[in-house]
Each structure stands twice: as structure tokens, then as C-alpha cells.
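Dear colleague,

Please find below the structure for your files. My notes on it follow directly after.

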Amino acid sequence: MSDDDKREVEKDVTSAEPEGPEQTPGQPAVEQSPENLPAAPGQVHQVGTRHGMFGVRGSGDTSGYGGLVSAVTYPAPSQRPYGGWFDEVADALEAATRAAGVEQAVGSVVVHRGEITFHVRREDLLTVARVLRDDEALRFELCSSVSGVHYPDDTGRELHVVMHLLSMTHNRRIRVEATAPDADPHVPSVVSVYPTADWHEREAYDMFGIVFDGHPSLTRILMPDDWPGHPQRKDYPLGGIPVEYKGGTVPPPDQRRSYN
Amino acid sequence: MASNTGTDPGAGSTTGEQDLYAGTQETTEGRVFTVSGQDWDSISEGLEEGAEERVVVNMGPQHPSTHGVLRLILELEGETVTEARCGIGYLHTGIEKNMEFRSWTQGVTFCTRMDYLSPFYNEASYVLGVERLLDIEDDVPEKAQVMRVLLMELNRISSHLVAIATGGMELGALTVMTIGFRERELVLDLFELITGLRMNHAFIRPGGVAQDLPPGALDEIRGFLDLMRKRLPEYAALANANPIFKGRLEGVGHLDLEGCLALGLTGPPLRATGYPWDLRKSEPYCGYETYDFDVQTWDTADAYGRFRVRLAEMWESLKIVEQAAERLAALEGAPIMVADKKVAWPSQLSIGSDGMGNSLDHIRHIMGESMEGLIHHFKLVTEGFRVPVGQAYVPVESPRGELGAHVVSDGGTRPFRAHFRDPSFTNLQATSVMSEGGMVADVIVAIASIDPVMGGVDR
């Protein structure tokens with residue numbers, strides 16, 4: 001099976017399993033940390049597939065393991081109680097965002113490996129950030145970082161903006177995530193709430209092409225101003241290395257034979 | 001600022017109030033005159049308005065005083081800085097992207113090169129993130145954790161020594177530099193003894209550390225501690241009572257707690273405002289809660305305060321190193337890697353007649369005794385281990401502040417994404433507020449007090 005064929009299959013598999021209440025029966029067990037309850041049916045969200053046993057592509061593997069297909073699913077949303085102070089923060093956030101005029105600010109909450117992630121809609125991100133900083137019960141004064149992650153297989157929400165917030169008052173750490181599709185990579189900027197996000201957002205723009213609306217000067221920060229493309233996106237073309245031996249080349253890293 | 005080209009001659013006449021012969025328009029460059037007649041009055045008036053000597057100076061990226069390849073864009077009025085902006089990216093090497101194409105263990109080799117003055121912190125924050133995803137945080141053996149603490153605290157001393165040394169050099173105190181580097185060399189010798197390298201160690205690995213302590217290392221460490229206790233007071237004597245040094249630092253680069261929080265500053269700048277925030281106390285990792293040390297603060301919120309905080313932190317680090325050395329003496333022969341053979345690095349190193357190399361015992365085992373051992377070695381070294389799907393963010397208190405690694409796994413043998421929240425990157429944003437309104441010479445002091453390492457800023 002050539003590489004192209006595999007990609008076709010990959011697409012088919014993804015399209016055959018739309019996110020929704022019905023899950024394929026062959027869904028493997030979701031990676032769960034002990035503090036989680038299992039997700040409610042239909043909430044498991046597949047973001048890609050993995051082929052073969054060793055992730056080797058193009059090696060002419062005839063062992064039969066190359067035909068294996070497994071789903072890549074990120075930790076599923078957790079159900080209450082989340083445990084510890086997670087519930088306090090979730091309650092306070094819910095109450096405060098409602099008071100700020102957003103009915104359902106938090107889409108889903110993931111508790112995994114002792115860390116809590118709030119997934120919010122991008123249009124609510126600024127309100128959520130302001131509430132997280134200002135509300136007495138929340139008080140997340142320090143924005144540790146804002147960065148991007150590109151999930152090319154997470155259709156319709158390829159670009160994730162990840163914020164790590166720290167409350168020094170309560171000594172708590174949370175993660176806030178918002179998503180945007182590749183076709184419309186706009187996310188509101190939180191610089192007005194956390195001035196420290198300035199350079200972080202510029203870096204996320206530089207590396208992923210995420211446009212932070214409302215940023216005072218969204219320009220490239222690490223790459224040259226006239227650089228084409230956004231290097232840390234998964235679809236960014238990588239260069240190979242020409243070798244001076246019978247016209248050979250070292251292929252780009254994402255096309256080399258490798259494990260994954 | 002007069003110009004008679006490039007502007008539309010009709011532009012001036014569209015508004016009634018403008019001079020018929022010398023229309024003006026505001027541009028980002030200032031007021032531009034379009035001279036078309038003979039009446040120069042309004043022009044000379046306009047020039048007087050903007051007669052200040054406004055000079056924009058590019059300082060760096062190749063400048064000995066900008067603490068690395070940092071480019072400063074300074075707008076000056078005489079000797080006073082009216083605007084200061086940073087240009088970064090001259091040391092961008094794409095480490096985060098590179099890590100996505102290497103195994104989880106190889107990632108350590110990349111991230112150790114980011115902030116090259118505190119390599120162990122880069123390694124630790126990344127490795128702690130990987131261990132959290134693997135859910136083996138509690139399985140890492142005690143000796144590995146103690147060795148990590150020992151190396152990190154030695155590293156804090158060497159990093160603070162460079163901060164003080166280069167900071168001194170940048171303001172002309174060359175003796176501070178020479179003695180700073182003299183002591184740092186001693187720390188690097190210890191690193192060389194323990195890890196084999198002076199920098200870029202890649203010593204802290206997922207699951208533990210690469211190698212056990214070599215024989216005699218503890219004696220060397222104790223000797224170093226005795227020497228440092230004698231020499232550290234020299235810095236205090238050289239700097240604290242020196243009126244010139246003090247005069248250059250006091251009141252310069254002021255940034256209070258509010259400003260620090262808004263701009264995300266952590267580390268010595270935050271502690272110099274009097275706020276005792278230290279991740280080693282607030283979110284202990286690697287067993288820091290079991291060590292006896294104090295968080296050092298100062299209350300002046302200026303460059304001098306940051307200098308004093310660094311000086312005092314070196315004493316605290318000496319205390320921690322001493323406790324770690326004591327524990328290591330009792331842990332001789334204890335494991336330094338997790339027991340889980342599916343994660344633990346199989347290869348072993350040892351010192352032979354021609355220096356450091358592969359352990360002959362291990363080679364004999366896999367080549368002569370056990371086929372399974374060979375397969376296991378080969379699979380782990382070439383393919384690596386798989387890390388469960390998920391993401392983790394583990395911050396550590398680096399000499400410059402909160403250093404955190406955000407690692408994302410898609411269940412493969414390579415990181416799906418690794419992002420580093422580098423304290424230098426974040427703290428450098430304070431350049432403008434620290435130096436605007438001051439003198440050019442104070443910009444240098446302000447930046448030296450932030451102590452950015454450009455390898456970490458640009459990654």
C-alpha cells in the first residue's frame with residue numbers, strides 16, 4: 001500500500017466517524033486518569049488515526065501489522081465532581097461568567113493527570129479571561145503563557161490556543177483552551193486583560209498564523225518580517241538536504257522513514 | 001522635515017485653514033510640508049515646534065552590552081530614552097519544531113540548548129512534563145530526584161554568577177566579571193565531572209538521570225562548597241559597599257509588584273518587589289519540599305534589589321546543595337532510573353581507558369548474553385517509548401523565573417508539540433517600562449537586571 005493510498009484511507013476513516021452521539025463499536029478505550037469518571041456516551045472526540053504497529057511508513061512492511069488502524073482520542077471531558085479545588089473554580093467561573101452575560105461559557109472540562117482544562121468558545125475567551133483575573137474566588141493574576149497547537153485532523157477546530165493561568169492568591173493553575181478553524185484563524189486577543197500576552201500572542205501568530213483580534217501590534221516576532229508561512233504548523237513544508245553523492249538527498253524530516 | 005516631493009500638491013488646499021503655499025499634513029514621520037509658494041513663516045514655526053533632537057538608535061544585535069543578540073530600538077532625546085523597543089529572533093533555531101521529529105528522550109538534547117546558562121532547568125521542566133504524561137511521577141527513584149536537585153541548584157549558582165558577572169561587565173565593573181567567571185568555572189568543572197559536559201548536558205532523562213554519580217564527586221562538591229563559602233562574601237564586599245556600583249544600580253529599572261504581575265515577570269525581578277513567590281515552595285517538584293531553604297526577597301523593586309536577591313539566592317543554593325550531597329552519600333548504589341524497563345534508557349555509559357564511552361558490561365550483555373536484551377535496547381533507542389495521549393504543563397523555578405514546558409502527546413513516540421514558556425522571553429517585555437524616561441546607560445543596567453538569555457528568548 002503506497003503512502004497516498006493510506007492517506008485516502010485515513011480520510012475515509014475520519015469521515016466515516018463523524019463526531020456525534022454515535023460512536024463506532026470498535027472505539028478503543030480512552031486514556032483516562034484515575035480521577036476521571038468515564039465520559040458520557042458520544043463525547044469521545046477522535047482527532048486522527050494511527051496506522052501500523054510502529055508508525056513506520058513507506059518501508060514495504062509485509063508483516064501485516066502495517067494494516068492496523070487505531071484512533072487518536074484526546075482525554076475525554078470529565079464529569080462532576082472534578083475533585084479538589086477544581087469544582088470550586090468551575091463553580092465560580094460559571095457563576096461569574098453568567099453574571100458577565102455569557103450563559104454557557106465553558107464548553108467542556110477535561111481533568112487529566114491532575115491538571116484541569118477549560119474549553120471555551122473563542123468568542124467568550126476575552127470575557128472568561130477577564131472574569132478569571134478579576135473575580136475574588138478565581139484571581140488568576142498571572143498569565144503564564146499563551147501558545148498555539150495545530151491539530152490538522154481535528155476538523156473544524158484545527159488551531160487551538162492554549163493559555164496557562166496561575167492564581168498566586170490561591171496557588172492554583174488552570175489551562176484555558178479555545179479553538180479556531182484553519183479557514184478562519186481568528187481568536188480575540190487577551191492583551192487588554194493580561195499585558196504579558198503581547199509577545200506570546202505575537203509568537204503564536206508567527207508560528208501558527210493565528211490572528212489575535214484586538215492585539216495592539218500583531219507582527220512577526222521570531223521569524224523575519226517577510227517570511228512566508230508559519231513554521232510550526234503541521235502543514236508547513238519542510239526542506240530536505242541535498243547530498244553531493246550521485247544526486248542523492250536527505251528527505252525532509254516528515255517524509256523520512258521513522259517511527260511515530 | 002520639509003519635503004517638496006512625494007505628496008499630492010492638492011492635498012494642502014482641500015482644507016480651508018491650511019497655508020496656501022505650504023500645505024502640511026501629519027504623517028507617521030511627523031509633520032510634512034508641501035512647499036509651493038514663497039511664504040516660509042509657517043514652515044519655520046512648524047520646525048520650531050518639532051525642534052527636539054529626536055534620534056532613533058539601533059543598539060545591537062551585535063553589541064557587547066545588550067546581553068546577547070538582543071536588538072534595542074531606542075528613541076533618544078539627548079541622553080534620555082523616550083521609547084525603547086526590543087527586536088528579538090536573531091537566535092531562533094526552531095528547537096520546538098525540531099523536537100517534534102525526535103523521540104521523547106532525544107527531546108532533552110534539544111531543549112537543553114535553549115537557555116544555555118541554565119540547561120538543567122530546561123531539561124527538568126520538559127522531563128517532568130513527560131513523566132506526568134507517562135504517569136510515572138511517583139516512580140522516579142529518590143536518588144534521581146536528589147541528583148536533579150543537586151544539579152539544578154549548582155546550575156542556579158553558575159547562572160547567577162554569570163548574571164552578576166556580565167551585568168558588572170556591561171556597566172564597566174570588569175573585576176566583577178573576572179571573579180564571576182572564575183567561580184562559574186568551578187561549577188562547570190563539577191558539571192563536567194558528573195555529566196561529562198560543561199553545557200548541553202542532556203543528563204536529566206524521562207524516568208531519571210542518564211548516569212550515576214562518578215566516584216569522588218561528592219568530595220569535589222564538598223570542596224566546592226567550602227571554597228564558595230569563602231568567596232561569595234567577596235561579591236558582597238565588592239559590590240554592596242561600592243558607591244559607584246550601588247549608584248549605578250539603585251533606583252534603576254524600577255518595576256513594582258503590579259507591573260511585574262501585569263507583564264508576567266517572575267523570578268528575581270518579582271522577588272525584588274518583596275513578594276516571596278518561588279515555585280520551589282509553592283508548587284514543589286523533585287522533592288523540594290523536603291529541603292530547608294528560604295525564599296530571598298528585597299523590597300526596592302529596582303536593579304540593585306535584583307542583584308541582592310541573586311546574591312542571597314546563591315547562599316540558599318549552597319544550603320540545598322549541601323543537603324543534597326548529604327543525602328547522596330547515604331544513597332550510594334541506589335537506582336537512578338525508573339524500574340519500568342519500557343521507559344528506562346537501556347544504554348549505559350562508563351569511563352574506560354580512552355574516556356567516556358559505552359559501558360563494556362552492557363555491550364557484553366546485549367551482544368553476547370541476551371538476544372532479548374539486544375532487541376530491547378534496539379527498540380528503545382531507535383523507536384523510543386510511547387507516551388499516552390494528553391497534555392501537561394509543569395513549571396520549574398529557573399534562575400530567571402517560571403520556566404514551564406507544555407508538552408502535548410498524540411500517543412506516539414515523538415512529541416506532538418512542545419512549547420516552552422521561557423522566563424527570559426516573558427521578562428524581556430518589561431524593557432520598555434523599565435528604561436523609558438531614563439538615561440541610555442540605565443537601559444543597559446535594566447536589561448542586565450532582567451538577565452535575559454537570548455537562546456531561551458528565541459528558542
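In this predicted model, strands β4(B) and β5(B), the latter spanning residues 71-77 of chain B, pair in the antiparallel sense over six bridges. Within chain B, M59(B) stands opposite L72(B) in β5(B).

This pair belongs to an open sheet of three strands in chain B, ordered β4-β5-β6 and paired antiparallel. The edges are taken by β4 (54-59) and β6 (80-87) of chain B; each has a single partner strand, so one side of each is left without a neighbour in the sheet. On average, neighbouring strands of this sheet are turned by 20° against each other, direction ignored. Helix α17 of chain B, residues 440-450, packs on the sheet and touches β5 and β6 of chain B. The direction of α17 makes about 150° with that of β5(B).

As to annotation, an unreviewed UniProt entry lists residues 171-459 of chain B as "domain: NADH-quinone oxidoreductase subunit D". Over residues 171-459, chain B is 50% helix and 12% strand, and the C-alpha atoms at the two ends of that stretch are 27 Å apart.

Turning to chain A, the model has four helices and 11 strands there. Chain A comprises 260 residues, of which 37% count as buried. When contacts in chain A between residues at least 6 apart in sequence are considered, 56% join residues at least 24 apart.

One helix pair in chain A may interest you. Helix α2 (residues 86-99) and helix α3 (residues 125-134) of chain A pack at an angle of about 120°, and their axes are 10 Å apart. An angle from over 115 to 145 degrees falls outside the roughly perpendicular and roughly antiparallel classes, and α2(A) and α3(A) are therefore oblique to each other. The crossing of α3(A) by α2(A) is right-handed. On the α2(A) side, the contact is made by L93(A), A96(A) and T97(A); on the α3(A) side, by T127(A), V128(A), V131(A) and L132(A).

Which residues of α3(A) are buried? They are L125(A), L126(A), V128(A), A129(A), V131(A) and L132(A). V128(A), V131(A) and L132(A) are thus named both as buried and as part of the contact with α2(A). Residues three or four places apart in an α-helix point the same way, because there are 3.6 residues a turn. Besides α2, the buried residues of α3(A) pack against four strands of chain A: β4 (115-120), β6 (159-167), β7 (172-180) and β8 (186-188).

With kind regards

Key: Residues are numbered from 1 along each chain as its sequence is written. Chains are lettered from A and ligands numbered from 1 in the order in which they are written. This is a predicted model: local features need pLDDT of at least 70, side-chain atom pairs count only at pLDDT 80 or more; totals for chains, interfaces and linings use all residues. UniProt positions are given in the numbering used here, feature names are shortened, and annotations may be inferred rather than shown by experiment. Two strands pair if DSSP finds at least two bridges between them. Axes are lines fitted to C-alpha atoms, for helices over the stretch in contact, and angles run from 0 to 180 degrees between N-to-C directions. Two residues are in contact if their C-beta atoms, placed from the backbone, lie within 7 Å. A residue is buried if 20 or more other C-beta atoms lie within 10 Å of its own, exposed if 12 or fewer, and partly exposed in between; C-beta atoms are placed from the backbone. Angles under 35 degrees count as roughly parallel, over 145 as roughly antiparallel, 65 to 115 as roughly perpendicular and the rest as oblique. A crossing is left-handed if the near helix is turned anticlockwise from the far one by less than a right angle, and right-handed if clockwise.
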